[in-house]
Structure formats: C-alpha cells, structure tokens
Amino acid sequence: MGEKDRKKREERRREELAKIASLGKKQRLQYIWDYYWPWIVGIGFALVFGIWFIWHSATAIRENWFSMVFPNAMTRVGNHSKLWEDYVAFTGFDTSRKNVLFEDELYFDPTSSAGMNNAYYQTFVAMIETGQADAVCMRREEIEALGKSGRLLDLSSEPCRELFDRYQDRLVYSIPYDETYSADPVPVGVDVSDSILMTDYHIYENSCVYSIGAYTRNFDAACQFLDWILKGKTGPVEKKTAGAEAETEETD
Amino acid sequence: MIESAHTRDRIRRVLKHVFLIIMAFIMIVPFAWMILTALKTNQEAISVNPFYIFPQNGWHWDNFATVWKSYNFIILYKNTLLLIFFRVVCAVLTATMAGYAFGRLKFRGKSILFALVLIQMMVPAQIFIIPQFLMVSKLGMLNTTFGLVFPGLVTAFGTYLLKIGYEGLPKELEEAAAIDGCSVFQRFSRILMPLTKSSMVSLGIFTAVFAFKDLMWPMIVCTNADTTTLSAGLAKMQGQYGNDYPAMMAAATLAVVPMVIIYVIFQKQFVEGIATSGGKL
C-alpha cells in the first residue's frame, strides 16, 4: 500500500513537472503562483521568521547585572531614570553586555489580600520566582507582609551572614506562613529609610526597606546596591521622622 | 374580546421595550461615563454631585492630547495589532490542523494526546506563566513581538472547538475525495477545512478578544515601553495617573478604539461566531 502510494506520488510529481515545463515563462510563473501560493507564502514566512529567530537568539542580551523592583514608587525610578543612570555610572556596568533593570510600574498592597488580587502582584510574583527580580524596595509594613510568603531571602541564612552582621541594627523581621520553616520572626529586609533612595530620590514617604529576592541570581550585585544606597551607614536608622515629629510637637 | 387581546399584546410589547431600553442604558452608561469623564477637568471628575454628568467648564479635548503625548499610542496600537494578528493566525492554523487530526484521523495514542490537550483547559492559565516566562527568557525573546505571541501559538480550546467542527462533517465527503485520489492533506485543505469556516471565525474572534484583553503576560514579558501593548500600557498609566481621572479615561477611550473598529468591520462575524460556539466574550 505504502509502495503503491509512493509510486503514485512520484508519477504525479513527474506529470506536474512536465506540465510546468511545457508552459511559457510568464504562464509558468502564473501557474506556480495560482496553485502553490500557500506553500510559497508559508515557506517564505518560515524562512524569514527562522532567520530572524536565530539572529535574535544569538544577539539578545539574556542576562542581568542586576534587576530591581520598586512597587508603589512615588517618583519615576525605572530604566534610564536618574537613579538608574547614577547606579550604572557608579558600578560601571556595561549595559550592552548585560541588562540593568529597574521596574517602577507595579502597584499592589501586600498588607491585604484584596490588594494582592491583581495583575501587578502576579507580575511581581512571576518576576521574583523566576529570578528576574533580584531585589525589592517597599515600605516597612509592606515588606513585613511580603516576607511571610517566603519569597524574600532569609538574611540569617548562611550566604547572607556578612550582610546580617553588618546591618543587624536595621533588620526587618517577618513571621513566615510556613511554620515548618520557622515559627520565629525571620529577617527579610534591611531598613534603608535614611538612604539616598529616600533623601535624594524621594521614592517613598516615611519608611523604605530593601529585601533580596529568594531566587536571586545576582546576590553580590544585590549586596553592592545596598551598600551603595546606604553609603557606608551601618548603625541604626537615623530617625528623620522622629525628629520631624518632635518638631511638630514643639510647634503645637 | 379581540380589543382586549390587542391591548394586552400592546402592553406586553411596551413593557418588553421598556425593559430592553433600561438594559441597554445600563450597558451604555459606563462607556458614556468614560467618554464624558475624559472631557472634564479633574475637579469635575471627582465631584460627587450626580447631576454633573456633562462637563460644566467646557469640553476638555486637551486631555486626549495630554495622554497621547505622554504615551506613544502609535507604538501601543502597532504592538497590540501585531499581537492580535499573529495570535489569531497561529491559533487558527494550529488548531485547525490539530482539530482535523483528532477529529478525523486514526492513530495510536490519540485518546491520550487529546486528554493532554483537555487537561490544559482544566488548569488556570496562571500556572503556565512562570515556565513560559523562563522559556521566553532563555530564548532571549523578552521585549519582542514573538515573546508576546508565544503563549498563544497553540490553543487547547481552539483544538477542542475545531475537533468538534470536523467531527460534525459527513464522512462521505472525505471518502468521495479519497476515491477521487486526494491525499490526506488535500482532503483536509481542499475539502474539509473550508467547511469549518464558521468554527475558525469563532476561534479567531475569541483569540482576538482574549489577546486584546491579555494584561499579565504583556506586563511580565514586555517591560520596555516600546514593546508593550495597550492593556499593559493602560495598567501602567493607572499607576502614573492614579488621581487624574480625566487623563485615565481619555487613555481608556483611546485604548478601546481599535476594538471598536474591529467590531464595526466584523460585526456580522462576531454575532455568528458567538452563536456558533455558544460562547460568552
């Protein structure tokens, strides 16, 4: 049966070729187009797509030097913002080789379940879980809520020992949902309320905490960013807000 | 007696029309509110006075100009139309071939393979987000049209819909074509595929609407403003213009324009498509 089919196909192919050969040049082109245009279009598209795909795959920048998320930011601190430019200038990262990504267009409230029921939060989760986001900055109460999910790095774990020791006066704790992991509060962030993020770039009001994603691929860069924004400060947070409160009381 | 029957009939008809007018009004109000808010000042927009339906301080068409300048709508329109076009073409092409194979051909493991297709329909789409993102990322296709189209290259729902379509066609057609010497591909492409046009149109409409509404995937895969789509662009504006309702509404009005145009052009097919699949958009 298979052999018979093959012979039939071969015979048909020979007939078709003979038919095409017997036509004039213009008629031949017209005939080929009329009968085979879906194949021509399909193969043409596949070729163009294949070439583009190979070229793009070969030249695309896949890796990141560092990727950071600033949910609910009050000022623009995304890619090519002043913060981004200053950070790239400080580190000297070559952005033509790897990316430096700052995402500032996510808006969600991790302190309430209703505030997380949106596409922004799902996007954030996808970015953290795939390791696309190395670190996150949010307000204190938001990081405390976010830390419960286990998506932020436990700063008391072994790879973070140096970080833990250096910033122990600034640590922000959270009790994980997963009691098998720990029933006690776990350090998930570093309070950076007196960092340049607040004083120079005014990203948030009142408080700002820096956390590293649990699936980060650029731990060293995440630590370097923290050192850069704190400019060597390691002791307890300078309570700017407390001073402001005292001033307010005096005024009253 | 006849008089009273006529009166009853007329009253019934009037009530029916009143009900339909009320329903139509309820459907139109959000849309009208969106357009009217887009033409107000922010002060008017946040006014709680329900009688301020129309702008009181002139019609502020400049709200449209403001958002048009702030966001590159030409790019957003282009990206959205490319996304819709490629998703529709890929979904229809792959679903019609898979539907034919599952509906008409006999091969080993057919039931298991089809069960695998059905399983995809039974789990929430969010489950696939992370593996799909990793695949696109590893391929280096983030911030590209391919990255946007990627999850819509194949569709389980479309395969199912087209399988049903092919199963409903009489076997005699295919047998007659086989006797006339048609190969399997010729039977599919020349005889049966044209007869499933209505199912293909339904699938195309569903795919286009879902591609237009897709929010999360473009937000994840296209972080670059030059590669994102209208839905994701609009979501980002929501954060940026959180308190500027007229600007938000102007952006929303601009965002629905392509879909309105597509609907006006393909109105007949839309209605037929929904009727064919019994679906709800």
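## How the helices, strands and domains of the two chains fit together

In chain B, α4(B) makes a right-handed crossing as it passes α8(B). Everything described here comes from a predicted model, and this pair of helices is a handy place to start. Helix α4 of chain B covers residues 73–104, helix α8 of chain B covers residues 156–167, and their axes come within 7 Å and cross at roughly 50°. That angle makes α4(B) oblique to α8(B). On the α4(B) side, the residues that meet α8(B) are Ala91(B), Ala95(B), Thr96(B), Ala98(B), Gly99(B), Tyr100(B), Phe102(B), Gly103(B) and Arg104(B). Facing them from α8(B) are Gly158(B), Thr159(B), Leu162(B), Lys163(B), Gly165(B), Tyr166(B) and Glu167(B). Sorted by class, this contact holds 7 nonpolar, 6 polar and 3 charged residues.

Helix α4(B) has another partner to look at, helix α11 of chain B, which spans residues 197–213. Here the two axes come within 9 Å and cross at roughly 145°, and the crossing of α4(B) past α11(B) is right-handed. What does α4(B) bring to this meeting with α11(B)? The list runs Thr80(B), Leu83(B), Ile84(B), Arg87(B), Val88(B), Ala91(B), Val92(B), Ala95(B) and Thr96(B). From α11(B) come Met200(B), Leu203(B), Gly204(B), Thr207(B), Ala208(B), Ala211(B) and Phe212(B). The class count for α4(B) with α11(B) is 11 nonpolar, 4 polar and 1 charged. Some residues turn up in both stories: Ala91(B), Ala95(B) and Thr96(B) of α4(B) are listed in the contact with α8(B) and again in the contact with α11(B).

Stepping back, chain B is divided into domain 1 (2–64) and domain 2 (74–277). The centres of these domains, taken over C-alpha atoms, are separated by 34 Å. Where they touch, domain 1 of chain B puts in 12 residues and domain 2 of chain B puts in 9 residues. On the domain 1 side, at least two residues each are supplied by α1 (2–38), α2 (42–45) and α3 (62–70) of chain B. The biggest giver on that side is α1(B), with 4 residues. By class, the side of domain 1 of chain B that touches domain 2 of chain B has 6 nonpolar, 5 polar and 1 charged.

Helix α3(B) also packs against helix α14 of chain B, residues 245–265, with axes that come within 9 Å and cross at roughly 75°. With that angle, α3(B) is roughly perpendicular to α14(B). Asn63(B), Phe64(B), Thr66(B), Val67(B) and Trp68(B) of α3(B) make the contact, together with Pro246(B), Ala247(B), Ala250(B), Ala251(B) and Leu254(B) of α14(B). Which classes show up here, between α3(B) and α14(B)? There are 8 nonpolar and 2 polar residues, with no charged residues.

Chain A also gets a two-part domain assignment: domain 1 (2–59) and domain 2 (66–230). The C-alpha centres of domain 1 and domain 2 of chain A lie 55 Å apart.

Chain A also has an open sheet of 6 strands, in the order β2-β1-β3-β6-β5-β4, with mixed pairing. At the edges stand β2 and β4 (171–174) of chain A, each with a single partner strand, so each has one side left without a neighbour in the sheet. On average, neighbouring strands in this sheet are turned by 25° against each other, direction ignored. In general, strands of a sheet pair through backbone hydrogen bonds, in either a parallel or an antiparallel way. Strand β3 (residues 135–138) and strand β6 (residues 209–212) of chain A go for the antiparallel option, over 4 bridges. Zooming in on that pair, Cys137(A) has Tyr210(A) in β6(A) as its bridge partner. Helix α5 of chain A, residues 140–147, lies across β3, β4, β5 (186–191) and β6 of chain A and runs at about 155° to β5(A).

Finally, the two chains meet each other, with 16 residues of chain A in contact with 18 residues of chain B. On the chain A side, α2 (25–59), β2 (99–103) and α4 (119–129) each supply at least two residues. Helix α4(A) gives the most to that side, with 6 residues. The chain A residues that touch chain B divide into 6 nonpolar, 6 polar and 4 charged. Strand β2 of chain A therefore appears in two places, at an edge of the sheet and among the elements on the side that touches chain B.

Key. Residues numbered from 1 in each chain as written. Chains lettered and ligands numbered in written order. Predicted model: local features only at pLDDT ≥ 70, side-chain atom pairs only at ≥ 80, totals over all residues. Contact = placed C-beta atoms within 7 Å. Nonpolar A, V, L, I, M, F, W, Y, C, P; charged D, E, K, R; others polar. Axes fitted to C-alpha atoms, helices over the stretch in contact; angles between N-to-C directions. Parallel < 35°, antiparallel > 145°, perpendicular 65-115°, else oblique. Left-handed = near helix turned anticlockwise from the far one by under 90°. Pairing = 2+ DSSP bridges. Domains from an automatic or database assignment.
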